[in-house]
Structures are given as structure tokens and as C-alpha cells.
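Q: I'm new to this one. Could you walk me through reading it, feature by feature?

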Amino acid sequence: MRTLLTLLFSLTFLSCDSQTIENTDIAKTNSSSLTKNIIQFDTTFNTIHIFVALCDNKYQGIVPVPTKTGNGQDAHNNLYWGCAFGIRTYFKNSLEWKFVKTQKIDSLLLERIIFKHTTKNYYLVADAYNGKYIKHCTEEFLRSNSGQLKDTLHVNSKVIGIAGNAKLVAYIGHDGLMDFTLSETFQNTDNNKRNVIILACYSKRFFSPHLKTANINPLVWTTGLMCPEAYTIHDALTGYVNNETNEAIRTRAASAYSKYQKCSVSAARNLLVTGW
């Protein structure tokens, strides 16, 4: 099974050359979420917010994977969410994170899942975006990095910060910036430096031009083709919540990638890099 999954992902990696198609009407109806600026929340808890663009054979520039796992409108069976190494399933099986709840949102943001760290004052919020709207997901991720988009969430009688109110903002999925362009800029709005992880093909090359003025701390991003499975960010977050250095966090990520992808640690470190 591991060999089969690796083969499927290898096909995905070779895919970054088609056009991503997005229904702009639904994106417009949800555009108000792009300009939220809610700043009151419980600062005794830190938040990690992961934006996941679901794998989508039809609407993303990828070599198709099996229909069931490549349906960007089906979070439950999606390669990046409900499969064994998807964000939802992998973190549910983690000994470091305790599942809190799942929320069904709408046709754009299909599902939100919330975890609490077992020993640290950290919540993890992961959002599964309909793969058809990868551009919208990317925009919300970038706006969060710059502080243009700030929001909150009620969890266990607490109000926690998400989007630009999170301490760490991450993106998982296909690198849509290889397919479409963004005309807007993402200038930092509040002088806060947010920590960022971007697991997508060539993410440093394609995301850095948009983040130069966002005042971010790039913990881990990539220099080549990669598979954005959950173990990489899971192990990176282990270092992050324990206040490890960027280099130590990058090392954890590379070690996980090397283990599961069966590549050398050196190759994984060349792929997963930190800083500018």
C-alpha cells in the first residue's frame, strides 16, 4: 500500500503545468471573509492555522490521481485530508494532539477540524478548502500571513485567534501559484511577524514574491517537487510548540519526509529549507 501511495504522489508531483479553474462567483460571495479584522481573543492560547487546498483532478493542474482521492469536493476521501496521511486522519492518530471537534462550514470551506495540544497551550485549526477554489484558499492564506485577514473561533468557551491572529500559518496542497497569478499585494498591516510553513511544490520560489512585504518567518518551505503529506508538518510542529530553532524544526520536517518517502536525509534537507 505504501508503494502504491508513493506512486500516486509521484504522479501528482509531475503535474504542475495545467491551468487551475475557479468559479469566481462563489469566491465573490465569500469575499467578505477576506477582509475580516477581528482582533479580540484569548491570548493565553496560541493557535496554528493550516489551510489545506484539497487535491482536485478536475480543477487543479495535476496529473490525475484515483477518482476517489482526487475529488476536491469530497473531504472525507481526499488525498490531503481524509486519507491515511492526510491532515485530518494523521493528526487524529497523533499522541501529541487531542481531537476537539469537526465543523461543516459551506461549499467553499468544506470542513474545519480543531485539536488541542496535549501538554502545551496550543490549538490547531485545519481548514479543508474545496479544491475547485484553490485560488481563494491561497488568497486567504496570504492575507492571513500579512495580517490583512484576522478572525476568531469559539472553542470550549474560549475565543481563539485564527487566520492572521494565529502564531503560525501553514499551507498544504498543490502550488496553485504555478497555474494562476495574483495581482494584489500582501503588505504587512500590524508589524507582527508570523511563522509560516508552506508544503507545496517549489513553494519558496512561487510564494516568496508575494510574502516579501508580509514580514514573515519562513520555518519550512520547499525548493522542488514534493508530496504534502501530514507527517512532515506534524513533526515540524513538534519542534515549533517546544520553541526550537528554525533549523531544528526544518531538521524534524526533513527527517519525517526522509522516513516516509524513503529518500536520503540529505535529499529531504535539500527539498525542505528554512528562512529566506
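A: Sure, and keep in mind that this is a predicted model. Let's begin where a helix ends: helix H7 is followed by Lys262, whose phi is positive, near 55°.

Q: Which residue comes just after H4, and what is its phi?

A: That's Gly147, with a positive phi of about 90°.

Q: How do I check the length of a helix such as H7?

A: Count on 1.5 Å a residue and compare with the distance between the end C-alpha atoms. For the 16 residues of H7 that gives an expected 22 Å, and the ends are 22 Å apart, so the two agree. Try helix H4, residues 134-146, as well: its 13 residues should give 18 Å, and the reach from first C-alpha to last is 19 Å, which is close.

Q: How many residues of H4 are buried?

A: Buried here means under 20% relative accessible area. In H4, 12 of the 13 residues qualify, so defined, and H4 is mostly covered. Among the buried ones are His136, Cys137, Phe141 and Leu142, but also Glu139, Glu140 and Arg143.

Q: And which residues of H7 are buried?

A: A general idea helps first: an α-helix has 3.6 residues a turn, so residues three or four places apart point the same way. In H7, the buried set includes Ile249, Ala253, Ala256, Tyr257 and Tyr260. Arg250, Ala254, Ser258 and Gln261 are buried too.

Q: What does H7 pack against, and at what angle?

A: Its partner is helix H6, residues 230-241, while H7 covers residues 246-261. The angle is about 150° and the axes lie 8 Å apart. That makes the pair roughly antiparallel, because angles over 145 degrees count that way. The crossing of H6 past H7 is right-handed.

Q: Which residues meet there?

A: From H6 you'll find Tyr231, Thr232, Asp235, Ala236, Thr238, Gly239 and Tyr240. From H7 come Ile249, Arg252, Ala253, Ala256, Tyr257, Tyr260 and Gln261. By type, the contact of H6 with H7 has 8 nonpolar, 4 polar and 2 charged residues.

Q: Can we finish with a strand? Is Val52 buried or exposed?

A: Val52 sits in strand S1, residues 46-53. Its relative accessible area is 0%, so Val52 is buried.

Q: Which residues does Val52 touch?

A: Leaving out residues up to four places away in sequence, Val52 touches Tyr80, Trp81, Ile87, Asp127, Ala128, Tyr129, Cys137 and Ile172. Look at Tyr129 in particular: 77 residues separate Val52 and Tyr129 along the chain, yet their C-alpha atoms are separated by 6.0 Å. Cys137, another of those contacts, is one of the buried residues of H4.

Notes
Residues numbered from 1 in each chain as written. Predicted model: local features only at pLDDT ≥ 70, side-chain atom pairs only at ≥ 80, totals over all residues. Heavy atoms only, no water. Axes fitted to C-alpha atoms, helices over the stretch in contact; angles between N-to-C directions. Helix = DSSP H or I, 4+ residues; strand = E, 2+ residues; numbered from the N terminus. Parallel < 35°, antiparallel > 145°, perpendicular 65-115°, else oblique. Left-handed = near helix turned anticlockwise from the far one by under 90°. Contact = heavy atoms within 4.5 Å. Nonpolar A, V, L, I, M, F, W, Y, C, P; charged D, E, K, R; others polar. Expected span 1.5 Å × (residues − 1). Buried < 20%, exposed > 50% of the residue type's maximum accessible area, 1.4 Å probe, protein only.
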